[in-house]
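Please open the model in your viewer and keep the selection tool at hand, as the tour moves from one pair of helices to another.

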Amino acid sequence: MSQPNDQGPLSEFLEEIEPIVFAFGAGITLLFVAVFAFNPEAAGNLVTRGTEFVLGHFNWAFLLVMLGFVFFLLFLILGPWGRLKLGDKSPEFSYFSYFTMIYSAGLAAGIVFWGPAEALLHYSTVPPLYDVAAESQAALPIAVQYSIFHWAIIQWSCFTVMGLGIGYFVHEHGAPLRVSAVLTPFVGADNVDNLPGKLIDILAVFATLGGVATSLGFIGQQFLTGLEFQWGIQLGDAGTIGVITGMTALFTVSLVLGVDKGIRRLSNFNMILFGVLMVTTLLFGPTVRVLELSTQAMGGLIGDFFKMSLFADYTNGGAWSNAWTVFYWLWPLAWSPFAGLFIARISRGRSVREVAFTGIVATSLATIPWFAIVGGTAAIYQHTGVANILGPVNEYGEAVSGYVLFGAIEFMGLPVGTLLLFGFLVLVTTFFVTSADSSTLAVSMMTTGGKEEPSAINRVFWGILQGAVASILMVIGGVSALQSAAIITGGPFAIVCIIAVLGLVKTFRSEGGNVLLREETTLYGKPDTTEADSTRGATSDDD
């Protein structure tokens, strides 16, 4: 019998796949695209109704659940369970590389995309939680405050919970590297390949493909918008497919290189460029005004954090909160399977405290300055008349905001704005490439039963499928509908994340000891006092 490493690539690919998860994950995705292709209007209406049902009935639950994840992770950071480790081996990567890979795999592409735009939108239409006139001086700190709130701490919590829920049971209990590993405390590491486990993994594949294809569509849209706005170049369907194909080729090459040579190096480059772009904007923009605005925005965020976290816009039927906050919580929930699986893959040997800290604190420390500086600069330029950014945004969409903002930055006649604009385009591309890398790797692991290094053919297959899905949806106009589908898949993964938390509490309690209650404490029913009485009796006899 030939050994695995003597096999050809095709034989290795066929042998490693988990047929049920592979077939159903790819099949459901292709069926979804086919339905949109043949009858996009009917399919879009169906998905829209599903989205309205989820947002209309469970928006309050998503607000509570995501805030609860934050409390749980803060407890792990500060409490005694944080000392537990994800396996006995040494960490595979330096902490800087570990952090940059988590950041790049998570929300980074969206953070770069929305950084110049979101504060502007809240400035022009103030959130109903605040009774402040739109486009006024008082609206500036609220606009920056809400953009920071939407992208820091809470959004990252579901990724981190899922990463811990998978990683701890994989590295410490020998569960397969799959999303269904969160079931380990309830069925055992050897039994997660049951019907509920397969359903979780199939849904995870579908949600991941939908999420990444949607983001690829958005980034492609940003490129196309830039070409039209800056140079008046309008590309047809062939050009759109060309842009998507080019991005697919980029992340597929990086993916085949692997985690260390591809994703790690690109993630490190991303964070360096991210920091350079942010600091340069601060230095050459309205520096003092941005620092003043950021300070006030952070003060408002700290003071109103819980009010913002639980604002359901009840008097308006949840319209604003559903469109913004609840949507922002559901979107990462739909991405949580792939982000969590990737975090689990690179977290071997790290402590629970380290993973939790990196997941919600370190990532937020990088995100907050970006929205404060870039978003604050955009809002100040709009308010003071330095640049009219809202005009092009209303005409071309949010994707154009970065072009207008960075193009408006000048310093002593030097082409600072041109350099920043070029850096912004590179950053959007490379952050997306790393997000697509990690998601494709995660899907490959899910469809091979948990193999850490799936074959090159497996990775290329899923990379091409994601690019094909994005191209088709861009051409037929289905990106927004697939985004709605990702919202729908976020609902079930809120439940999966809750299962992960309950499983971690159950396991940490047995392995790390009780924290609030004594071991002898009975939660319900009548306590067993026999042992205590006999102990007291023995003490009396000795006396």
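**First stop: α4 and α14**

Select helix α4 (residues 95–105) together with helix α14 (residues 352–384), which pack at an angle of about 70° with their axes 10 Å apart. Since angles of 65 to 115 degrees count as roughly perpendicular, α4 is roughly perpendicular to α14. Axes here are lines fitted to C-alpha atoms over the stretch in contact, with angles running from 0 to 180 degrees between N-to-C directions, and helices are DSSP runs (H or I, at least four residues) numbered from the N terminus.

This is a predicted model, in which local features need pLDDT of at least 70 and side-chain atom pairs count only at pLDDT 80 or more, while totals for chains, interfaces and linings use all residues. Residues are numbered from 1 along each chain as its sequence is written, and side-chain values use heavy atoms, with hydrogens and water left out.

**Second stop: α13**

Next, select helix α13 (residues 319–346), and look at S336, where α13 bends by about 55° (the angle between axes fitted to the seven residues ending there and the seven starting there); a proline, P337, follows within four residues. Of the 28 residues of α13, 26 are buried (under 20% relative accessible area, 1.4 Å probe, protein chains only), so α13 is largely enclosed by the rest of the structure.

**Third stop: α13 and α17**

Finally, add helix α17 (residues 416–446), which packs with α13 at an angle of about 85°, their axes 9 Å apart, so that α13 is roughly perpendicular to α17. Show side chains for F338, L341, F342 and R345 in α13, which meet residues of α17 including S435, L441 and M446 (heavy atoms within 4.5 Å).

Conventions. Helix = DSSP H or I, 4+ residues; strand = E, 2+ residues; numbered from the N terminus. Parallel < 35°, antiparallel > 145°, perpendicular 65-115°, else oblique. Buried < 20%, exposed > 50% of the residue type's maximum accessible area, 1.4 Å probe, protein only.
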